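Colleague: I'd like to learn how to read a few features in a model like this one. Could you walk me through them?

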Amino acid sequence: MQFIRVSLIWLFISTGIVHAQTDFRPGYIITNVGDTLYGTIDYRGDLLMGTICKFKDANQQVRLFYPADISAYRFIDNKY
């Protein structure tokens with residue numbers, strides 16, 4: 001019975017995290033070859049931002065970048 005209760009709690013918590021709202025803020029990414037791409041970046045917590053970067057370009061297309069794909073990202077007047 002305890003297992004079912006814990007499983008249900010975990011299910012409710014995990015679905016809330018998956019469907020969280022996005023918060024795209026102005027910023028840029030620097031690719032491994034040194035190109036700078038300006039657009040907006042999905043602002044998330046440090047744990048998620050360290051594993052994936054969701055970047056939206058001028059055409060409003062979302063591209064996913066992983067740590068091996070870029071050398072840096074930065075929010076305008078904020079963290080990098």
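Colleague: How do the residues lining the largest cavity divide into nonpolar, polar and charged?

Modeller: Bear in mind that this is a predicted model. The lining of the largest cavity has 3 nonpolar residues, 3 charged ones and no polar ones. The residues in question are Asp42, Arg44, Leu48, Met49, Ile52 and Lys54. About 40 Å³ of space lies in that cavity, and a search of the whole structure finds 1 cavity of 30 Å³ or more.

Colleague: Thanks! Next, which residues make up the largest nonpolar core?

Modeller: The general idea is that nonpolar side chains tend to be buried together in soluble globular proteins. Here the largest nonpolar core has 9 residues: Ile29, Ile41, Met49, Cys53, Phe55, Phe65, Ile70, Tyr73 and Phe75. Strand 3 (53–56) and strand 5 (70–75) each supply at least two of them, and strand 5 gives the most, with 3 residues.

Colleague: And how should I read the strand pairing? What stands opposite phenylalanine 55?

Modeller: In a regular strand, side chains alternate between the two faces of the sheet. In this model, isoleucine 41 is opposite phenylalanine 55; strand 2 (residues 36–42) and strand 3 pair in the antiparallel sense over 2 bridges. Beyond its neighbours within four places in sequence, phenylalanine 55 is in contact with residues including Ile29, Ile41 and Phe65.

Colleague: What about the other partner of strand 3, strand 4?

Modeller: Strand 3 and strand 4 (residues 62–65) are antiparallel too, with 4 bridges, and cysteine 53 stands opposite phenylalanine 65. These two strands form a hairpin with 5 residues between them, and glutamine 60 in the turn has a positive phi of about 65 degrees.

Terms used:
Residues numbered from 1 in each chain as written. Predicted model: local features only at pLDDT ≥ 70, side-chain atom pairs only at ≥ 80, totals over all residues. Heavy atoms only, no water. Core = buried A, V, L, I, M, F, W, Y, C linked by side-chain atoms within 4.5 Å. Buried < 20%, exposed > 50% of the residue type's maximum accessible area, 1.4 Å probe, protein only. Contact = heavy atoms within 4.5 Å. Pairing = 2+ DSSP bridges. 1 Å grid on protein atoms, 1.4 Å probe; cavity = no way out; pocket = protein on both sides within 12 Å on 5 of 7 lines; lining within 4 Å. Points joined across faces, edges and corners; volume = space filled by probe spheres on them. Nonpolar A, V, L, I, M, F, W, Y, C, P; charged D, E, K, R; others polar.
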